[in-house]
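Subject: Structure for your set, with notes

Hello,

Here is the structure I said I would pass on. My notes follow below.

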Amino acid sequence: MDMKQFLKGFGFIMFLIIIVRACNSCGSETKPATKALTREEIIAQKHQKLLVELVFVEAYYSDFKIGKYTGSVEGIVGVAKDFKDYRRLMLKLSKHDSVDVSSRANALLKKITELQVKSFPALRKAYVNESRNMLWRNNIDVDYDGKGILTYTGGFFASNANIEDTYLKLQPALELLRFKQANFRFTEYSDYTYYRVSSPKDSE
């Protein structure tokens, strides 16, 4: 596609955006006035929204099986992120004024904590296995001591720049999965460069 065709297409997209915005603007003018909600109604709506969130999290963890998420790096990291996000939400809701909300949030917080302690060792092991499968073609070996320390070995890591760039890309996932340290070396006989991972305990 040449530049003239591209500009034509771009111009058409902008035209559609303008039309949509114009239609939305027109719709807002003819929209019938709605009655202002009372303070009690607003509180009731917020309460209902919180209950919906609680029901969703309860359903998510009611039949939680870690094996459903360990088939890919994306699934492994995704479930670790869910633990982080839902735990944070339950911590917040556990202090809610509503006894119904706070009691259910506390119960979920306890369940999430138990699941984390049980699941994170399996998630780390699965992450290592998937990493090995993905990196062997690049002649990079991945070793794990079972206690939170990962070691990456390959000629790629003869460069300090490659080591730093790799760690910065891996860091978010390593923190989510509660790894403690990442080592990088270019042969199994060479010294390694290591990074401490600032991650919480499995129960946190």
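**Strand β3 and its neighbours**

N183 is found in strand β3. Helices (H or I, at least four residues) and strands (E, at least two) are DSSP runs here, numbered from the N terminus. The model is a predicted one, in which local features need pLDDT of at least 70 and side-chain atom pairs count only at pLDDT 80 or more, while totals for chains, interfaces and linings use all residues. Residues are numbered from 1 along each chain as its sequence is written, and side-chain values use heavy atoms, with hydrogens and water left out.

Is N183 buried or exposed? N183 is buried, because its relative accessible area is 4%; buried means under 20%, exposed over 50%, and partly exposed in between (1.4 Å probe, protein chains only). Leaving aside residues up to four places away in sequence, N183 touches I149, L150, T151, Y152, Y192, T193 and Y194, where contact means heavy atoms within 4.5 Å.

The rest of the strand is similarly placed: β3 covers residues 181-185, and five of its five residues are buried. In a regular strand the side chains alternate between the two faces of the sheet. On one side of β3 are Q181, N183 and R185, on the other A182 and F184, and all are buried.

β3 pairs with two strands (pairing requires that DSSP finds at least two bridges). Strand β2 (residues 149-153) runs parallel to β3 and is joined to it by five bridges, with L150 opposite A182. Strand β4 (residues 193-196) runs antiparallel to β3, with four bridges between them, and there F184 stands opposite T193.

**Helix α5**

β2, helix α5 (residues 160-176) and β3 form a right-handed β-α-β unit. Right-handed means that, with the strands pointing away from the viewer, the path from the first strand over the helix to the second runs clockwise.

At the N-terminal end, S159 caps α5: one of its side-chain oxygens lies 3.3 Å from the backbone nitrogen of A161. The 17 residues of α5 should span 24 Å at 1.5 Å a residue, and the end C-alpha atoms are 24 Å apart, so the two agree; the expected span is 1.5 Å times one less than the number of residues. There is nevertheless a kink of about 45° at L170, shortly before the proline P172. The bend at a residue is the angle between axes fitted to the seven residues ending there and the seven starting there.

Which residues of α5 are buried? They are I163, T166, Y167, L170, A173, L174 and L176, and what covers them includes α3, α4, β2, β3 and β4. Just after α5, R178 has a positive phi of about 65°.

**Helix α3, N129 and K201**

Helix α3 (residues 73-93) has 21 residues and reaches 30 Å from its first C-alpha to its last, close to the 30 Å expected. Its buried residues include V73, I76, V77, V79 and A80, and further along F83, Y86, R87, M90 and L93.

N129 lies in helix α4 (residues 99-135). N129 is partly exposed, because its relative accessible area is 34%. From N129 to V73 is 56 residues in sequence but 9.4 Å in space, C-alpha to C-alpha.

K201 sits in the segment after β4. K201 is exposed, because its relative accessible area is 58%. K201 and F179 are 22 residues apart along the chain, and their C-alpha atoms are separated by 9.3 Å.

Regards

Terms used. A polar contact is a pair of N or O atoms within 3.5 Å; within protein, one must be able to donate a hydrogen and the other to accept it, and residues adjacent in sequence count only if both atoms are side-chain atoms.
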